[in-house]
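Trainee: Could we go through this structure together? I should like to begin with the overall fold and then turn to individual residues.
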Amino acid sequence: LQRACEAAADLGTVVIANYNCPGQLVIGGDKAAVEKAAALAKEQGAKRCMPLKVSGPFHTPLMKPAGEALEAHFQSISFAGAEDSIPALLVRQVQSSVFMEDTIRRMGELGLDALVEIGPGKALSGFVKKTVPGLPVYAVESPADVEALEGLVKENG
């Protein structure tokens, strides 16, 4: 996929924006470059390339103006962190790739008993199941899901 992005860069910015789980990567950038990279990826053997409806080129260098705006805004806010690492990380985060697969693997290495995804959908739960299949993951979307999870926690101590 990286080679496809590099080959499509003549049409604009295109990068791997999300490394979600084995077999699922997301590219982002200028529309024409993304479309070309997706077509090249299909030619190179990608099983599926589908456009996502998003409101911006998140986690790509095209978000640099947003990062700069955040950085300027953070000048007026006091953070209690070593060398103000929180604002610097947030500025970088908006315009840098997301390494979800690495994060999930690290959580598995830490020996967690389970993970809980809170919010609409079960995308992150799917990433966990593909990345660390033996790690239990629970999706919580509703009050009924919270009650079910509470019952599981009580059962398993």
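Mentor: We shall take the overall fold, then the cores, then some single residues. Please bear in mind that this is a predicted model.

Trainee: How many helices and strands are there in the protein?

Mentor: The protein contains seven helices and four strands. Along the sequence they follow the pattern α-β-β-α-α-α-α-β-α-β-α.

Trainee: And is the protein compact or spread out?

Mentor: It is more spread out than a compact globule, because its radius of gyration is 19 Å, well over the 15 Å that the globule rule gives for 157 residues. Along the principal axes, the C-alpha atoms fill a box of roughly 55 × 50 × 30 Å.

Trainee: What share of the residues is buried?

Mentor: Buried residues account for 26% of the 157 in the protein. The protein exposes about 10500 Å², of which carbon and sulfur atoms supply 57%.

Trainee: What about contacts between residues far apart in sequence?

Mentor: Take the contacts between residues at least 6 apart in sequence: 49% of them join residues at least 24 apart.

Trainee: Changing topic, how many positive and negative side chains are there?

Mentor: There are 15 positive and 19 negative side chains, and the centres of the two sets lie 8 Å apart.

Trainee: Now the interior. Which residues make up the largest nonpolar core?

Mentor: That core has eleven residues: Ala4, Cys5, Ala8, Val14, Ile16, Ile27, Ala33, Val34, Ala37, Leu40 and Ala41. Helix 1 (2-8), strand 1 (14-21) and helix 2 (31-43) are the elements that each give two or more residues to it. Helix 2 provides the largest share, five residues. In soluble globular proteins, nonpolar side chains tend to be buried together.

Trainee: What does Ile16 touch?

Mentor: Leaving aside residues up to four places away in sequence, Ile16 touches Leu1, Gln2, Cys5, Leu25, Val26, Ile27 and Ser97. There is also a second, separate core of eight residues, including Cys21, Leu115, Phe127 and Val128.

Trainee: You mentioned Leu115. How far is its C-alpha atom from that of Ala139?

Mentor: The two C-alpha atoms are separated by 8.7 Å, with the residues 24 apart along the chain. Ala139 lies in strand 4 (residues 137-140).

Trainee: Is Ala139 buried or partly exposed?

Mentor: Ala139 counts as partly exposed, because its relative accessibility is 22% and buried means under 20%. Beyond residues up to four places away in sequence, Ala139 touches Glu117, Lys122, Ser125 and Asp145.

Trainee: What is the phi of His59?

Mentor: His59 has a positive phi of about 65°, although it is not a glycine. Most residues other than glycine have a negative phi. His59 is placed in the loop between helix 2 and helix 3 (64-74).

Trainee: Is that His59 buried or exposed?

Mentor: His59 counts as buried, because its relative accessibility is 15%.

Trainee: Lastly, where is Glu68 found?

Mentor: Glu68 is found in helix 3. With a relative accessibility of 42%, Glu68 counts as partly exposed. Its C-alpha atom is separated by 21 Å from that of Asn18, and these two residues are 50 apart along the chain.

Technical notes: Residues numbered from 1 in each chain as written. Predicted model: local features only at pLDDT ≥ 70, side-chain atom pairs only at ≥ 80, totals over all residues. Heavy atoms only, no water. Rg over C-alpha atoms; globule rule 2.2 N^0.38 Å. Buried < 20%, exposed > 50% of the residue type's maximum accessible area, 1.4 Å probe, protein only. Contact = heavy atoms within 4.5 Å. Areas by Shrake-Rupley, 256 points an atom, 1.4 Å probe, with all protein chains shown as cover. Lys, Arg positive; Asp, Glu negative; His and termini not counted. Charge placed at Lys NZ, Arg CZ, Asp CG, Glu CD. Core = buried A, V, L, I, M, F, W, Y, C linked by side-chain atoms within 4.5 Å.
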